[in-house]
Amino acid sequence: MTRALITLATARVSGEVVPARAQMATTLGFHIILASLGIAFPTTVLLAEFIGLRRHNETAMRLARRWSQAMGVLVAVGAVTGTVLSFEMGLLWPGLMRRFGAVLGFPFDVEGLFFFLEAIFTAIYLYGWRRLSGWKHWASGVPIALSGICGAMSVVAVNSWMNQPGGFTERDGRIMSVHVWQVFFNHAALYEMPHMILAAYMVTGFIVAGVYAAGIVRGRRDRYHYTGFSLGFVPAAILTPFQIFVGDTAARAIAHDQPVKFAAMEYVARTSRDVPEWLGGVYLNGQIYGGLKIPYMDSLLVGFSPSTKVVGWDSVPPADRPPAVWLIHLCFDAMVGLGFLLLLGGLWAAFEWWRRRHLPPQRLFWLLGSLSGLVAVVAMECGWVVTEVGRQPWVVYQLQTTAQAATTNGGILASLTVVIVLYAILGVATILILRMLARRWRHGDADQTDVPYGPRPRPPERSVPERTSAEVAS
Amino acid sequence: MPATVGAILLTGITLYAVLAGADFGGGLWDLLAGGDQRGRSPRQLIDQSISPVWEANHVWLIFDLVIFWTAFPRAFAAVMIGAALPLWLAAGGIVLRGAGFAFRKEITRLPWMRAAGATFALSSLMTPFFMGTVIGAIATRGIPPNPTSTNQHAWTNPTAVLAGLLFVAACGYLAAVYLTGEATRRGDRRLLAYFTRRAQAAAVVAGALSLALLAELHGSNRVLYSRLTGRALPLVILAALCGLGVLASISAHLPRFEVRVIAALGVATVIWGWGVAQYPVLLPGTGLTLDNASAPRSVLVALVGVFIAAVLVIGPSLALLFTLQSRGALQPDEAGLLMAADRIGGARPASGPRAKLPHEGLKGAIVALFAAVVYLRNRRRER
């Protein structure tokens, strides 16, 4: 009876759930790319500046200065799209905030603190190039990198808490007490935090590498492009095996903590032993079409023994199962597969370096390299689809459904439409502006005025020569 | 403890208003600066004063939002449902403003630069206006405790619209006063006179709108009105004195640092006047108070802890940022390919086509605002 009533109640509001979820997915999916760049790009820029200062490497220094200009654009777009998400927490999910705002608020407060530090030192770093001396300027960037990592931890703390809620007591729908650090370092946080931070560093590294690999494919085989590629590729490639290890640990933990999500990821319909691993394949109406079946493999991965029992989605009633298991499974496979592809790229480069102290000469490597940024982004987005769709129908695992959290206000379809159009323009404009910057750098001219309007002044002669690193160091 | 957290929230709102408010106000003056040539130097000053600081200033909003939902989740959810549309529009304004501003700096082609600049300038008005209407909706008991949808009348009633206009005017006022300081620092007498005139105009408009809003509240929320003229009266008087003081000192060309502080103080006292008048009620007309709608004590203690950490860590960092900014140590880099000569000069004869921006808009805006005030006051009398 109660069940029927709940179903009825959720059916009434479910009209806004689908567009609300679509809007959250769009805005989060967009912001997460910028957030990743916000977390890890400052480190890449600092690495370039470090090499520039330490080894008096002019090329690295020039890259650092140019990248910080791109960083200015990316940070601005990231800051505003992140603000939209803050609004959406309330505007799309007031039910979640009303009931659990006090619980999941603390990690967000901590995040606010780090966001502040990030914004302040980003301003000092970006605008301090001309007046702050070398190492002093470099040091002004260190707080950005650190607060990026801590801020990411705080936000992921909230998401992982939604997967493994705890650290509070509730009576009659009212939160009675909260242990803020138990909320922050919840069980799922231990694997979600490193997984996301590593993802951010990989996405950033491979995007940077991809940009310069694309240049090299087009024949710009100079020191500048090879340096730019290496500064992105090397750290990202080094982190890839660690990420695969963390991801594997996370999957095993999910098999234990959120068995239904894991069952959807791996097509485990019935709780059983000797569970096979499916690579690809589309699950429709109880049948798996296509895909490669590896017997016993899933049981082996979960418990290191073919006879390990894996919980299937038959363990919960159909209403408590996530929708579109095929989507969850395929995204999971895509994420893992693309992760291994990136690992292969790294191994390839490592092999060539070991053999002849040189980056791979093969054209195929550079073609793949130019796609590595896209590959990393797709892998990360797939990971988010797995964790978010896999948690459905819950917004807070086993405590609150997404339908209960959604707003009762109408018009989400309209806001979704506006968001899609606005973000499409924003995304295209950001990419166009970054390309334009690159073109300007390539031509080496400074046909830029810092007066917002007004015709461009003609460059007097050539531009003022760049500060050499020797000057910087002095 | 809830009152302490309420005070922290109000402090956060105040800092957002006096810091980020001025950045939005910069957008107002950018919009009214006129064509390419006429608007060249004021736009340059606006651009350079906002650039390094706007993101840090903007974070106060995030800080306020998270404190609001952590400490008073029920009130937060009620506002988010009850005033959804203006909040969406305010958020849209934030996106367009930030993106437009950041893009304009990097674009080199004039038409696109104008498009980005117009986006920045127009959306700078959206955010304060719609946020003002949300505050107006709260103040006029427009947000019920458990709303299921937005009551559009709540934020479009005369009080709410006046509050929106006041927010815009206050942003413009702060920006103009701060910019007179910036012009003085650079020794630019022409821009000093330029922004002095605008600061005077904005002060008059903001003052008139404040009085009109107070008069309007007499009809729309009598309790709040009587408290504003009762226990919050000292703050209201202080706000008026600050406004008059700023007006007098900028008119006497005393654009010192203190004038900026007094201008900010004036805006702060208006916000605190509202807070004191409403205390201890969170949302008038709902019975939600600081005490009965607050999060558990452990959460509030943690919030106070975060705030102390913020004061200890962010305070010095912000001080460093503003010190470097005021010493002129923060300048755009342009990837080391600068033309120093052009930057210092700025007197290069410009010969581009003119942008059709509403550069005669200032007078028009003032007239329109006064007309609106007069109209609203008459309407109230009719009722």
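This passage describes the interface, salt bridges, nonpolar cores and one buried threonine of a two-chain structure.

The model is predicted: local features need pLDDT of at least 70, side-chain atom pairs count only at pLDDT 80 or more, and totals for chains, interfaces and linings use all residues. Side-chain values use heavy atoms, with hydrogens and water left out, while residues are numbered from 1 along each chain as its sequence is written, and chains are lettered from A and ligands numbered from 1 in the order in which they are written.

Chain B was examined as a unit. It contains 15 helices and two strands (DSSP runs, numbered from the N terminus; helices are H or I with at least four residues, strands are E with at least two). Of its 383 residues, 61% are buried. Buried means under 20% relative accessible area, exposed over 50%, and partly exposed in between (1.4 Å probe, protein chains only). Contacts (heavy atoms within 4.5 Å) were also counted by separation in sequence. In chain B, 82% of the contacts with a separation of 6 or more join residues 24 or more positions apart.

The interface comes next. In chain A, 86 residues are in contact with 96 residues of chain B. The two chains bury about 8,200 Å² between them, and 70% of this is on carbon and sulfur atoms. Buried area here is the accessible area (1.4 Å probe) that two parts lose on being put together, summed over both. Eleven residue pairs, both at pLDDT 80 or more, are in polar contact across the interface. A polar contact is a pair of N or O atoms within 3.5 Å; within protein, one must be able to donate a hydrogen and the other to accept it, and residues adjacent in sequence count only if both atoms are side-chain atoms. On chain A, helix H2 (58-91), helix H3 (94-127), strand S2 (174-178) and helix H13 (412-443) each supply at least two residues of the side that touches chain B. H3(A) gives the most, with 23 residues. This side of chain A divides into 51 nonpolar, 21 polar and 14 charged residues. Ala, Val, Leu, Ile, Met, Phe, Trp, Tyr, Cys and Pro count as nonpolar, Asp, Glu, Lys and Arg as charged, and the others, Gly among them, as polar.

Salt bridges were then listed. Side chains of opposite charge can pair when their charged atoms come close. The rule takes a side-chain nitrogen of Lys or Arg within 4 Å of a carboxyl oxygen of Asp or Glu. The whole structure holds 13 salt bridges over all chains. One salt bridge is counted between chain A and chain B. It joins B:Glu106 and A:Arg440, at 3.7 Å from N to O.

Within chain A, A:Glu352 has two arginine partners. A:Arg356 meets A:Glu352 at 2.6 Å, N to O. For A:Arg355 and A:Glu352, the closest N and O atoms are 3.8 Å apart. A:Glu352 and A:Arg355 are three residues apart in helix H10 (residues 325-356) of chain A, so about one helical turn separates them. A:Arg356 and A:Glu352 are four residues apart in helix H10 of chain A, again about one helical turn. A:Glu352 is buried, at 2% relative accessibility. A:Arg355 is partly exposed at 48%, and A:Arg356 is partly exposed at 41%.

In chain B, B:Asp36 and B:Arg114 form a salt bridge at 2.5 Å, N to O. B:Asp36 lies in the loop between helix H1 (2-31) and helix H2 (40-50) of chain B, and B:Arg114 lies in helix H6 (residues 110-139) of chain B, so the pair ties together parts 78 residues apart in sequence. Both residues are buried. A network of salt bridges links B:Asp30, B:Arg43, B:Asp47, B:Arg104 and B:Lys105.

Nonpolar packing was grouped into cores. A nonpolar core is a set of buried Ala, Val, Leu, Ile, Met, Phe, Trp, Tyr and Cys residues joined through side-chain atoms within 4.5 Å. The largest has 226 residues, of which A:Leu96, A:Phe229, B:Trp29 and B:Phe103 touch the most other members. H3(A) provides the largest share of this core, 22 residues. Not counting residues up to four places away in sequence, A:Phe229 touches residues including A:Tyr212, A:Ile216, A:Phe365 and A:Trp366. A second, separate core of 29 residues includes A:Ala263, A:Val275, A:Met335 and A:Val389.

Helix H3 of chain A also holds A:Thr122. A:Thr122 is buried, at 2% relative accessibility. Its side chain reaches the backbone oxygen of A:Glu118 at 2.5 Å. Not counting residues up to four places away in sequence, A:Thr122 touches A:Met71, A:Val75 and A:Ile144.
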